[in-house]
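Thanks for coming, everyone. Please take a moment to look at the sequence and the model on the screen, and then I will walk through a few of its features.

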Amino acid sequence: MYNDQLNGLLALKTVADTRNFTAAAKALGVSPSAISQTIKQLEQRLGVALLSRTTRSTSLTEAGERFLNQAGPALDQILVALEGVGSYAEKPSGLLRINLPRQAYALYLAPFVASFTQKHPEITLELFFEDQQSDVVGKGFDAGIRLSDILA
């Protein structure tokens, strides 16, 4: 349900920005009829016309303008956030927290740490040494290594 509403908001904003269903459809990678249908469904859900359509022009109604003045900045922030989080898919980065016993580090991990940090300089590796069993997920770690088959 929320996906349809967000799609409707994005379609509305894009049509309002371009003042054209065809241009909005091209920008969003869908057909003009899909844009029209999405906006029609949004208007039905809200119970108010948001766009005035003629064969020559498209413009916001008073309700549509007021709605986008209020919702538009939030939608812009969501789009910026979506774009920003996409950068994580391009290259691994951020903090990687691993919980492990000292012996596991010495035996298995130590030889790989230097090459890993060289290969992935955007990743900050945080190693937390703990020899007893613990809930690594509950403590906020990304991974845990244990030398037995007993895990919390």
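Strand β3, which covers residues 94-100, is joined to β5 by two bridges, and these strands run parallel. One of the residues to find here is I98, whose bridge partner in β5 is A143. I should say at this point that what we are looking at is a predicted model, so please hear everything that follows in that light.

Stepping back to the sheet, we have three strands in an open arrangement, ordered β4-β3-β5, and the pairing is parallel. Because β4, residues 123-129, and β5, residues 143-144, stand at the edges with a single partner strand each, one side of each of them is left without a neighbour in the sheet. Helix α5, made of residues 102-119, packs on this sheet and touches β3 and β4, and the direction of α5 makes about 170° with that of β4.

Let me move on to the charged pairs. In general, side chains of opposite charge can pair when their charged atoms come close. How many salt bridges does the structure hold? There are seven salt bridges, and I will go through some of them.

In one of them, K13 pairs with D17, with the closest N and O atoms 3.1 Å apart. These two are four residues apart in helix α1, residues 2-18, so that about one helical turn separates K13 from D17. K13 counts as buried, at 15% relative accessibility, whereas D17 is exposed, with a relative accessible area of 54%.

Another salt bridge is formed by E43 and R53, where the closest N and O atoms are 3.2 Å apart. This pair links distant parts of the chain, since E43 belongs to helix α3, residues 32-46, and R53 to strand β1, residues 51-53, with their positions 10 residues apart. E43 is buried at 11% relative accessible area, while R53, at 39%, is partly exposed.

A further example is E130 with K139, whose closest N and O atoms are 2.8 Å apart. Here E130 is buried, with a relative accessible area of 8%, and K139 counts as partly exposed at 43% relative accessibility. Salt bridges that share partners also join K13, D17 and D76 into one network.

Finally, please turn to the surface, where L6, I78, L79, L82 and V85 make a nonpolar patch of about 420 Å². Helix α4, residues 62-90, contributes the largest share of that patch, four residues, and V85 is found in this helix.

Notes
Residues numbered from 1 in each chain as written. Predicted model: local features only at pLDDT ≥ 70, side-chain atom pairs only at ≥ 80, totals over all residues. Heavy atoms only, no water. Pairing = 2+ DSSP bridges. Contact = heavy atoms within 4.5 Å. Axes fitted to C-alpha atoms, helices over the stretch in contact; angles between N-to-C directions. Patch = residues over 30% accessible without salt bridge, like charges linked within 9 Å, V, L, I, M, F, W, Y side chains within 5 Å. Areas by Shrake-Rupley, 256 points an atom, 1.4 Å probe, with all protein chains shown as cover. Salt bridge = Lys/Arg side-chain N within 4 Å of Asp/Glu carboxyl O. Buried < 20%, exposed > 50% of the residue type's maximum accessible area, 1.4 Å probe, protein only.
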